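Subject: Structure for your bench work

Hello,

Here is the structure I said I would pass on. My notes on what turned up follow below it.

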Amino acid sequence: MANTIIIGMQWGDEGKGKLVDILSEQHDVIVRFNGGGNAGHTVVIKDKKYAFHLIPSGILSDNLNVMGNGVVINPYNFLEEIKNLQKKGIKVSPENLVVSDKCHLTLPYHIALDKAKGKDIGTTGMGIGPTYEDKIRRIGIRTCDLFDLKRLEEKVRENTKFYNHILEFHNAPSLSEDNILEELLGVTKRIIPFISDTEGLILKHNGSLLYEGAQGVLLDVDHGTYPFVTSSNPTIGGAYTGTGVFIEFDRKIGVLKAYTTRVGNGPFPTEQDNETGERLRKRGGEFGTTTGRPRRCGWIDLPAARYSIKLNGIKEICLTKFDVLDEENIIKVCIGYKNEGITSFPITQICEAIPIYTELPGWEQDTTTAGKQEDLPENAINYLKFIQNYFGVPITTVGVGQRRDQMITLDL
Ligand code: GDP
Ligand code: IMO
Ligand code: MG
(Lines give C-alpha, C1' and ligand atoms only; values in the text may rest on other atoms or scores of the structure.)
(Ligands and ions follow the chains in the order given, each with its own letter.)
Protein backbone atom coordinates (compact mmCIF):
# COMPACT_ATOMS: atom_id res chain seq x y z
CA MET A 1 0.00 0.00 0.00
CA ALA A 2 1.16 3.55 -0.76
CA ASN A 3 3.16 5.66 1.67
CA THR A 4 2.27 9.30 1.13
CA ILE A 5 3.74 12.64 2.16
CA ILE A 6 1.86 15.93 2.06
CA ILE A 7 3.90 19.13 1.95
CA GLY A 8 2.82 22.77 1.84
CA MET A 9 4.35 24.44 -1.24
CA GLN A 10 4.04 28.10 -0.16
CA TRP A 11 4.16 29.95 3.16
CA GLY A 12 1.76 27.61 4.96
CA ASP A 13 -2.05 27.47 5.19
CA GLU A 14 -2.39 25.88 1.77
CA GLY A 15 -5.11 23.51 2.98
CA LYS A 16 -2.93 20.56 4.05
CA GLY A 17 -5.26 19.56 6.89
CA LYS A 18 -8.19 19.00 4.55
CA LEU A 19 -6.18 16.70 2.28
CA VAL A 20 -4.71 14.78 5.23
CA ASP A 21 -8.19 14.18 6.57
CA ILE A 22 -9.41 12.98 3.15
CA LEU A 23 -6.47 10.60 2.66
CA SER A 24 -6.30 9.40 6.27
CA GLU A 25 -8.87 6.63 5.72
CA GLN A 26 -6.63 5.12 3.01
CA HIS A 27 -3.60 4.89 5.31
CA ASP A 28 -2.93 3.06 8.55
CA VAL A 29 -0.73 5.54 10.38
CA ILE A 30 -0.75 9.34 10.16
CA VAL A 31 2.51 11.04 11.15
CA ARG A 32 3.36 14.65 12.04
CA PHE A 33 7.10 15.33 11.78
CA ASN A 34 7.71 19.06 12.25
CA GLY A 35 6.47 22.24 13.87
CA GLY A 36 4.23 22.51 16.88
CA GLY A 37 1.27 24.59 17.99
CA ASN A 38 2.14 27.22 15.35
CA ALA A 39 0.37 24.96 12.85
CA GLY A 40 -3.34 25.42 12.32
CA HIS A 41 -4.88 22.73 10.12
CA THR A 42 -8.57 22.99 9.38
CA VAL A 43 -10.92 20.15 8.56
CA VAL A 44 -14.58 20.81 7.74
CA ILE A 45 -17.04 17.93 7.67
CA LYS A 46 -20.60 18.93 6.82
CA ASP A 47 -21.22 21.88 9.17
CA LYS A 48 -18.56 20.88 11.74
CA LYS A 49 -15.17 22.59 11.79
CA TYR A 50 -12.06 21.23 13.50
CA ALA A 51 -8.79 23.14 13.90
CA PHE A 52 -5.75 21.00 14.67
CA HIS A 53 -2.56 22.51 16.04
CA LEU A 54 -0.53 19.71 17.58
CA ILE A 55 -2.68 16.68 17.01
CA PRO A 56 -2.39 15.17 13.49
CA SER A 57 -5.35 15.88 11.19
CA GLY A 58 -5.84 12.13 10.81
CA ILE A 59 -7.34 11.85 14.29
CA LEU A 60 -10.88 11.86 12.87
CA SER A 61 -10.15 8.55 11.15
CA ASP A 62 -10.01 5.22 12.97
CA ASN A 63 -6.27 5.00 12.42
CA LEU A 64 -3.19 5.51 14.51
CA ASN A 65 -1.72 9.02 14.77
CA VAL A 66 1.93 9.65 15.58
CA MET A 67 3.83 12.77 16.60
CA GLY A 68 7.44 12.24 15.62
CA ASN A 69 10.54 13.55 17.40
CA GLY A 70 10.63 16.64 15.13
CA VAL A 71 7.44 18.02 16.65
CA VAL A 72 7.72 20.42 19.59
CA ILE A 73 5.00 20.13 22.19
CA ASN A 74 3.49 22.59 24.60
CA PRO A 75 2.24 20.11 27.23
CA TYR A 76 -0.65 22.28 28.42
CA ASN A 77 -1.88 23.04 24.90
CA PHE A 78 -1.51 19.36 24.00
CA LEU A 79 -3.87 18.31 26.79
CA GLU A 80 -6.22 21.20 26.10
CA GLU A 81 -6.47 20.28 22.41
CA ILE A 82 -7.23 16.67 23.35
CA LYS A 83 -9.88 17.79 25.84
CA ASN A 84 -11.56 20.03 23.26
CA LEU A 85 -11.63 17.24 20.69
CA GLN A 86 -13.04 14.80 23.22
CA LYS A 87 -15.77 17.32 24.03
CA LYS A 88 -16.73 17.22 20.37
CA GLY A 89 -17.02 13.45 20.59
CA ILE A 90 -13.67 12.65 18.94
CA LYS A 91 -11.80 9.70 20.37
CA VAL A 92 -8.27 10.69 21.41
CA SER A 93 -6.37 8.36 23.71
CA PRO A 94 -3.00 6.59 23.89
CA GLU A 95 -4.65 3.93 21.76
CA ASN A 96 -4.84 6.18 18.70
CA LEU A 97 -2.26 8.88 19.48
CA VAL A 98 1.41 8.23 20.19
CA VAL A 99 4.04 10.87 20.95
CA SER A 100 7.76 10.33 20.47
CA ASP A 101 9.85 10.10 23.62
CA LYS A 102 12.24 12.57 21.94
CA CYS A 103 9.88 15.49 21.37
CA HIS A 104 11.10 18.77 22.83
CA LEU A 105 8.75 20.55 25.21
CA THR A 106 7.71 24.17 24.87
CA LEU A 107 7.63 25.72 28.33
CA PRO A 108 6.49 29.17 29.54
CA TYR A 109 9.97 30.69 29.19
CA HIS A 110 10.00 29.85 25.48
CA ILE A 111 6.70 31.63 25.00
CA ALA A 112 7.85 34.64 27.04
CA LEU A 113 10.97 34.99 24.91
CA ASP A 114 9.10 34.47 21.63
CA LYS A 115 6.67 37.23 22.63
CA ALA A 116 9.57 39.50 23.65
CA LYS A 117 11.72 39.04 20.56
CA GLY A 118 9.66 37.43 17.78
CA LYS A 119 8.02 40.68 16.61
CA ASP A 120 10.34 41.42 13.68
CA ILE A 121 9.57 38.07 12.12
CA GLY A 122 5.93 38.16 13.16
CA THR A 123 6.01 34.73 14.79
CA THR A 124 2.91 33.05 16.15
CA GLY A 125 4.19 33.77 19.67
CA MET A 126 3.81 30.09 20.58
CA GLY A 127 7.42 29.67 21.69
CA ILE A 128 8.37 27.56 18.68
CA GLY A 129 11.67 29.26 17.79
CA PRO A 130 13.07 29.23 21.34
CA THR A 131 12.10 25.55 21.77
CA TYR A 132 14.07 24.58 18.66
CA GLU A 133 16.91 26.88 19.80
CA ASP A 134 17.16 24.85 23.02
CA LYS A 135 17.25 21.62 21.05
CA ILE A 136 20.24 22.85 19.04
CA ARG A 137 21.80 24.40 22.15
CA ARG A 138 21.44 20.95 23.74
CA ILE A 139 19.63 22.13 26.85
CA GLY A 140 16.09 21.20 25.77
CA ILE A 141 13.67 19.28 27.95
CA ARG A 142 12.14 16.32 26.16
CA THR A 143 9.17 14.07 26.65
CA CYS A 144 11.49 11.31 27.94
CA ASP A 145 12.59 13.69 30.74
CA LEU A 146 9.07 13.48 32.19
CA PHE A 147 9.91 9.99 33.46
CA ASP A 148 12.64 11.19 35.84
CA LEU A 149 11.15 13.85 38.08
CA LYS A 150 14.35 14.67 39.96
CA ARG A 151 16.25 15.34 36.78
CA LEU A 152 13.27 17.19 35.35
CA GLU A 153 13.27 19.55 38.32
CA GLU A 154 17.00 20.24 37.93
CA LYS A 155 16.62 20.99 34.24
CA VAL A 156 13.58 23.22 34.64
CA ARG A 157 15.30 25.24 37.38
CA GLU A 158 18.51 25.58 35.41
CA ASN A 159 16.74 26.58 32.19
CA THR A 160 14.45 29.08 33.88
CA LYS A 161 17.49 30.81 35.41
CA PHE A 162 19.12 30.91 31.97
CA TYR A 163 15.98 32.32 30.36
CA ASN A 164 15.49 34.92 33.06
CA HIS A 165 18.84 36.43 32.06
CA ILE A 166 17.76 36.59 28.43
CA LEU A 167 14.34 37.96 29.34
CA GLU A 168 15.99 40.65 31.43
CA PHE A 169 18.12 41.59 28.41
CA HIS A 170 14.86 42.02 26.45
CA ASN A 171 13.28 44.04 29.30
CA ALA A 172 10.68 41.34 29.83
CA PRO A 173 9.53 40.21 33.29
CA SER A 174 11.29 37.20 34.78
CA LEU A 175 9.50 33.91 35.50
CA SER A 176 9.21 31.80 38.63
CA GLU A 177 11.02 28.43 38.64
CA ASP A 178 8.55 27.11 41.20
CA ASN A 179 5.50 28.05 39.14
CA ILE A 180 6.85 26.51 35.96
CA LEU A 181 7.81 23.34 37.74
CA GLU A 182 4.54 23.05 39.61
CA GLU A 183 2.52 23.51 36.43
CA LEU A 184 4.59 20.95 34.56
CA LEU A 185 4.41 18.38 37.35
CA GLY A 186 0.65 18.91 37.38
CA VAL A 187 0.32 17.58 33.82
CA THR A 188 3.17 15.07 33.62
CA LYS A 189 1.09 12.05 34.64
CA ARG A 190 -1.52 12.75 31.99
CA ILE A 191 1.05 13.05 29.21
CA ILE A 192 3.18 10.00 30.02
CA PRO A 193 0.68 7.41 28.69
CA PHE A 194 0.96 8.93 25.20
CA ILE A 195 4.78 8.72 25.09
CA SER A 196 6.50 5.89 23.29
CA ASP A 197 9.28 4.89 20.92
CA THR A 198 7.79 6.12 17.67
CA GLU A 199 10.76 5.08 15.50
CA GLY A 200 10.19 1.50 16.59
CA LEU A 201 6.49 1.87 15.93
CA ILE A 202 7.02 3.23 12.39
CA LEU A 203 9.59 0.55 11.61
CA LYS A 204 7.36 -2.25 12.89
CA HIS A 205 4.09 -1.21 11.25
CA ASN A 206 2.78 -3.32 8.39
CA GLY A 207 0.43 -0.89 6.69
CA SER A 208 0.81 2.42 4.91
CA LEU A 209 1.96 5.75 6.28
CA LEU A 210 0.63 9.25 5.67
CA TYR A 211 3.03 12.04 6.61
CA GLU A 212 1.46 15.42 7.38
CA GLY A 213 3.81 18.37 6.88
CA ALA A 214 3.16 21.52 8.86
CA GLN A 215 3.96 25.02 7.56
CA GLY A 216 5.33 25.20 4.00
CA VAL A 217 8.54 24.99 1.98
CA LEU A 218 9.06 28.76 1.91
CA LEU A 219 8.99 28.83 5.72
CA ASP A 220 11.72 26.17 6.01
CA VAL A 221 14.52 27.29 8.33
CA ASP A 222 17.15 26.25 5.75
CA HIS A 223 15.40 26.60 2.41
CA GLY A 224 12.79 29.28 3.04
CA THR A 225 12.92 33.06 2.99
CA TYR A 226 15.34 33.23 5.91
CA PRO A 227 15.21 34.87 8.45
CA PHE A 228 11.45 35.20 7.89
CA VAL A 229 10.87 31.50 8.44
CA THR A 230 9.82 29.09 11.13
CA SER A 231 12.47 27.10 13.03
CA SER A 232 11.84 23.62 11.64
CA ASN A 233 12.11 21.84 8.29
CA PRO A 234 8.73 21.54 6.59
CA THR A 235 10.59 20.19 3.54
CA ILE A 236 10.97 16.47 2.84
CA GLY A 237 14.24 16.19 4.80
CA GLY A 238 12.26 17.13 7.92
CA ALA A 239 10.15 14.03 7.42
CA TYR A 240 13.25 11.88 7.90
CA THR A 241 14.96 13.76 10.73
CA GLY A 242 11.59 14.45 12.34
CA THR A 243 10.79 10.74 12.64
CA GLY A 244 14.24 9.19 12.56
CA VAL A 245 13.21 6.58 10.03
CA PHE A 246 13.86 6.27 6.30
CA ILE A 247 10.84 5.26 4.31
CA GLU A 248 10.11 5.36 0.59
CA PHE A 249 7.19 7.59 -0.36
CA ASP A 250 5.05 6.30 -3.22
CA ARG A 251 3.11 9.56 -3.38
CA LYS A 252 4.68 12.98 -2.78
CA ILE A 253 1.88 15.50 -2.87
CA GLY A 254 2.45 19.25 -2.80
CA VAL A 255 -0.47 21.36 -1.63
CA LEU A 256 -0.70 24.62 -3.54
CA LYS A 257 -3.22 27.41 -3.00
CA ALA A 258 -4.63 28.89 -6.23
CA TYR A 259 -3.27 32.25 -5.04
CA THR A 260 -0.69 33.07 -2.36
CA THR A 261 -0.96 34.02 1.30
CA ARG A 262 1.53 34.73 4.02
CA VAL A 263 1.08 35.49 7.74
CA GLY A 264 3.75 37.44 9.54
CA ASN A 265 6.58 39.42 7.99
CA GLY A 266 8.98 38.76 5.14
CA PRO A 267 9.25 39.10 1.38
CA PHE A 268 6.30 38.26 -0.86
CA PRO A 269 6.86 39.30 -4.50
CA THR A 270 3.28 38.78 -5.73
CA GLU A 271 1.60 40.42 -2.73
CA GLN A 272 -1.42 42.57 -3.55
CA ASP A 273 -1.61 45.15 -0.81
CA ASN A 274 -4.66 46.66 -2.50
CA GLU A 275 -8.27 45.92 -3.43
CA THR A 276 -7.34 42.62 -5.10
CA GLY A 277 -5.65 41.40 -1.91
CA GLU A 278 -8.66 42.52 0.13
CA ARG A 279 -11.00 40.64 -2.19
CA LEU A 280 -8.97 37.42 -1.97
CA ARG A 281 -8.77 37.73 1.83
CA LYS A 282 -12.51 38.19 2.12
CA ARG A 283 -13.51 35.44 -0.29
CA GLY A 284 -10.87 33.05 1.01
CA GLY A 285 -11.54 33.81 4.70
CA GLU A 286 -7.82 34.46 5.02
CA PHE A 287 -7.38 34.90 8.75
CA GLY A 288 -4.87 32.78 10.70
CA THR A 289 -6.19 29.52 12.15
CA THR A 290 -3.82 29.84 15.11
CA THR A 291 -3.54 33.58 15.74
CA GLY A 292 -6.55 35.03 13.88
CA ARG A 293 -4.24 37.52 12.13
CA PRO A 294 -5.30 38.69 8.65
CA ARG A 295 -3.21 36.86 6.07
CA ARG A 296 -1.40 38.88 3.41
CA CYS A 297 -2.76 37.90 -0.01
CA GLY A 298 -1.48 37.96 -3.60
CA TRP A 299 -1.41 36.12 -6.91
CA ILE A 300 0.04 32.66 -7.39
CA ASP A 301 3.83 32.59 -7.82
CA LEU A 302 4.70 29.73 -10.14
CA PRO A 303 8.53 29.99 -9.96
CA ALA A 304 8.24 29.81 -6.16
CA ALA A 305 6.05 26.73 -6.41
CA ARG A 306 8.44 25.15 -8.93
CA TYR A 307 11.24 25.67 -6.41
CA SER A 308 9.18 23.63 -3.91
CA ILE A 309 8.57 20.91 -6.48
CA LYS A 310 12.27 20.61 -7.26
CA LEU A 311 13.49 20.56 -3.65
CA ASN A 312 11.00 17.95 -2.52
CA GLY A 313 10.61 15.80 -5.60
CA ILE A 314 6.88 16.53 -5.60
CA LYS A 315 5.12 14.24 -8.04
CA GLU A 316 1.56 15.50 -7.84
CA ILE A 317 -0.24 18.66 -6.83
CA CYS A 318 -3.41 19.29 -4.90
CA LEU A 319 -4.56 22.78 -5.92
CA THR A 320 -6.73 24.29 -3.19
CA LYS A 321 -9.13 27.20 -2.81
CA PHE A 322 -9.85 27.26 -6.52
CA ASP A 323 -13.38 28.49 -5.80
CA VAL A 324 -11.97 31.66 -4.25
CA LEU A 325 -11.12 32.78 -7.81
CA ASP A 326 -14.67 32.09 -9.08
CA GLU A 327 -15.59 35.76 -9.40
CA GLU A 328 -12.33 37.04 -10.88
CA ASN A 329 -12.60 38.44 -14.37
CA ILE A 330 -8.87 38.25 -15.08
CA ILE A 331 -6.52 36.03 -13.07
CA LYS A 332 -2.88 36.99 -12.86
CA VAL A 333 -0.22 34.30 -12.67
CA CYS A 334 3.45 35.07 -11.92
CA ILE A 335 5.60 33.17 -14.42
CA GLY A 336 9.00 34.75 -13.76
CA TYR A 337 10.74 37.90 -12.58
CA LYS A 338 11.78 41.04 -14.47
CA ASN A 339 15.18 41.36 -12.78
CA GLU A 340 18.14 40.61 -14.97
CA GLY A 341 19.84 37.38 -14.00
CA ILE A 342 16.96 36.05 -11.88
CA THR A 343 15.72 33.01 -13.71
CA SER A 344 14.17 30.98 -10.91
CA PHE A 345 12.77 31.64 -7.44
CA PRO A 346 15.41 33.99 -6.02
CA ILE A 347 15.54 32.72 -2.48
CA THR A 348 18.35 35.11 -1.45
CA GLN A 349 17.41 38.17 -3.51
CA ILE A 350 13.67 37.74 -3.14
CA CYS A 351 13.11 41.25 -1.76
CA GLU A 352 14.05 42.74 -5.12
CA ALA A 353 12.11 40.27 -7.27
CA ILE A 354 9.61 42.01 -9.56
CA PRO A 355 7.07 39.53 -10.94
CA ILE A 356 6.23 39.04 -14.59
CA TYR A 357 2.55 38.17 -14.86
CA THR A 358 0.55 36.49 -17.48
CA GLU A 359 -3.18 37.16 -17.45
CA LEU A 360 -5.65 34.33 -17.84
CA PRO A 361 -9.39 34.82 -18.37
CA GLY A 362 -11.50 33.96 -15.33
CA TRP A 363 -14.49 31.60 -15.50
CA GLU A 364 -16.85 33.83 -13.48
CA GLN A 365 -18.96 30.87 -12.47
CA ASP A 366 -19.60 29.05 -9.19
CA THR A 367 -17.41 25.95 -8.87
CA THR A 368 -18.35 25.07 -5.28
CA THR A 369 -21.03 22.61 -6.37
CA ALA A 370 -18.87 20.93 -9.03
CA GLY A 371 -18.51 17.24 -8.19
CA LYS A 372 -16.32 16.12 -11.07
CA GLN A 373 -13.88 17.47 -13.64
CA GLU A 374 -16.59 17.67 -16.34
CA ASP A 375 -18.57 20.11 -14.14
CA LEU A 376 -15.79 22.71 -14.28
CA PRO A 377 -16.10 25.59 -16.79
CA GLU A 378 -13.77 25.66 -19.79
CA ASN A 379 -11.71 28.61 -18.55
CA ALA A 380 -11.26 26.86 -15.19
CA ILE A 381 -9.86 23.79 -16.96
CA ASN A 382 -7.63 26.06 -19.08
CA TYR A 383 -6.28 27.72 -15.92
CA LEU A 384 -5.51 24.32 -14.36
CA LYS A 385 -3.87 23.10 -17.57
CA PHE A 386 -1.74 26.25 -17.76
CA ILE A 387 -0.35 25.61 -14.26
CA GLN A 388 0.11 21.90 -14.87
CA ASN A 389 2.00 22.56 -18.13
CA TYR A 390 4.23 25.15 -16.44
CA PHE A 391 5.35 22.58 -13.86
CA GLY A 392 5.18 19.43 -15.94
CA VAL A 393 3.68 17.83 -12.82
CA PRO A 394 0.04 16.69 -12.71
CA ILE A 395 -2.59 18.45 -10.64
CA THR A 396 -4.44 15.40 -9.39
CA THR A 397 -7.01 17.08 -7.15
CA VAL A 398 -8.58 20.52 -6.90
CA GLY A 399 -10.36 21.99 -3.88
CA VAL A 400 -13.58 23.91 -4.52
CA GLY A 401 -14.69 24.62 -0.97
CA GLN A 402 -13.85 24.04 2.68
CA ARG A 403 -15.75 20.80 3.13
CA ARG A 404 -14.24 17.35 2.91
CA ASP A 405 -16.52 16.51 -0.03
CA GLN A 406 -15.48 19.62 -2.00
CA MET A 407 -12.44 18.05 -3.61
CA ILE A 408 -12.42 16.97 -7.26
CA THR A 409 -10.14 14.32 -8.75
CA LEU A 410 -8.54 15.46 -12.00
CA ASP A 411 -7.13 13.79 -15.06
CA LEU A 412 -6.15 16.74 -17.26
P1 GDP B 1 -3.32 24.24 6.47
O2 GDP B 1 -2.57 24.92 7.55
O3 GDP B 1 -2.50 24.04 5.25
O4 GDP B 1 -4.00 23.00 6.91
O5 GDP B 1 -4.48 25.26 6.04
P6 GDP B 1 -5.42 26.12 7.03
O7 GDP B 1 -6.44 25.22 7.62
O8 GDP B 1 -4.62 26.95 7.95
O9 GDP B 1 -6.05 27.14 6.02
C10 GDP B 1 -6.76 26.74 4.91
C11 GDP B 1 -8.19 27.32 4.99
O12 GDP B 1 -8.82 27.15 3.74
C13 GDP B 1 -9.07 26.60 5.99
O14 GDP B 1 -10.02 27.50 6.47
C15 GDP B 1 -9.75 25.52 5.14
O16 GDP B 1 -11.00 25.11 5.66
C17 GDP B 1 -9.93 26.27 3.85
N18 GDP B 1 -9.90 25.46 2.64
C19 GDP B 1 -9.16 24.36 2.35
N20 GDP B 1 -9.38 23.97 1.08
C21 GDP B 1 -10.27 24.85 0.56
C22 GDP B 1 -10.87 24.99 -0.74
O23 GDP B 1 -10.61 24.25 -1.67
N24 GDP B 1 -11.75 26.06 -0.88
C25 GDP B 1 -12.04 26.92 0.12
N26 GDP B 1 -12.90 27.92 -0.11
N27 GDP B 1 -11.48 26.80 1.34
C28 GDP B 1 -10.61 25.78 1.55
P1 IMO C 1 0.42 25.72 8.99
O2 IMO C 1 0.92 24.36 9.36
C3 IMO C 1 1.31 29.91 8.14
C4 IMO C 1 4.73 31.66 10.23
C5 IMO C 1 4.43 32.74 11.25
C6 IMO C 1 5.68 33.59 11.11
C7 IMO C 1 6.77 32.53 10.90
C8 IMO C 1 7.54 32.14 12.15
O9 IMO C 1 -0.92 26.04 9.52
O10 IMO C 1 0.55 25.95 7.52
P11 IMO C 1 6.86 30.68 14.28
O12 IMO C 1 5.77 30.89 15.30
O13 IMO C 1 6.76 29.40 13.55
O14 IMO C 1 8.23 30.92 14.82
O15 IMO C 1 6.62 31.87 13.20
O16 IMO C 1 6.12 31.39 10.39
N17 IMO C 1 4.01 30.38 10.44
C18 IMO C 1 2.97 29.99 9.69
N19 IMO C 1 2.31 30.61 8.70
N20 IMO C 1 0.97 28.66 8.50
C21 IMO C 1 1.63 28.01 9.47
O22 IMO C 1 1.42 26.70 9.78
C23 IMO C 1 2.68 28.68 10.14
N24 IMO C 1 3.51 28.36 11.15
C25 IMO C 1 4.33 29.39 11.30
O26 IMO C 1 3.27 33.46 10.91
O27 IMO C 1 5.61 34.39 9.96
MG1 MG D 1 -2.72 26.63 8.76
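A polar backbone atom of Gly-15 sits 2.8 Å from an oxygen atom of ligand 1. Please keep in mind that this is a predicted model. Two other backbone contacts to oxygen in ligand 1 turned up: a backbone N or O atom of Gly-399 at 3.2 Å, and a polar backbone atom of Val-400 at 3.4 Å. On its own, ligand 1 has 590 Å² of accessible area, and the protein covers 95% of that. There are 18 residues around the ligand, and those that come nearest are Gly-15, Lys-16, Gly-40, Thr-42 and Asp-323.

Gly-40 comes up again at the metal. Which protein atoms act as donors to the magnesium ion, ligand 3? They are OD of Asp-13 and O of Gly-40, at 2.0 to 2.2 Å from the ion. These two donors are 27 residues apart and come from distant parts of the chain. Asp-13 belongs to the loop between β1 (4-8) and α1 (16-24), while Gly-40 belongs to the loop between β2 (29-32) and β3 (41-45). Are the two buried or partly exposed? Gly-40 has 11% relative accessibility and so counts as buried. Asp-13 is partly exposed because its relative accessible area is 21%, and the cut-off for buried is under 20%.

Next, the nonpolar cores. The largest has 38 residues, and Ile-59, Ile-73, Phe-78 and Leu-97 have the most contacts inside it. Elements that give two or more residues to this core include the strands β4 (48-52) and β7 (97-100), and the helices α2 (75-87) and α5 (149-169). A second core, separate from that one, has 36 residues, among them Phe-322, Leu-360, Leu-384 and Ile-395.

Going back to Ile-59 in the largest core, its contacts beyond four places in sequence are Phe-52, Asn-65, Leu-85, Ile-90, Lys-91, Val-92, Asn-96 and Leu-97.

Last, Ile-356, which lies in strand β17 (residues 355-361). Its relative accessibility is 32%, so Ile-356 counts as partly exposed. Apart from neighbours within four places in sequence, Ile-356 is in contact with Val-333, Cys-334, Ile-335, Gly-336, Tyr-337 and Lys-338. Ala-172 lies 45 Å from Ile-356, C-alpha to C-alpha, with their positions 184 residues apart in sequence.

Regards

Notes:
Residues numbered from 1 in each chain as written. Chains lettered and ligands numbered in written order. Predicted model: local features only at pLDDT ≥ 70, side-chain atom pairs only at ≥ 80, totals over all residues. Heavy atoms only, no water. Helix = DSSP H or I, 4+ residues; strand = E, 2+ residues; numbered from the N terminus. Buried < 20%, exposed > 50% of the residue type's maximum accessible area, 1.4 Å probe, protein only. Contact = heavy atoms within 4.5 Å. Core = buried A, V, L, I, M, F, W, Y, C linked by side-chain atoms within 4.5 Å. Near = heavy atom within 4 Å. Polar contact = N/O pair within 3.5 Å; in protein donor to acceptor, adjacent residues only side chain to side chain. Areas by Shrake-Rupley, 256 points an atom, 1.4 Å probe, with all protein chains shown as cover. Donors = N, O, S within 2.8 Å, 3.2 Å for Na, K, Ca; no water.
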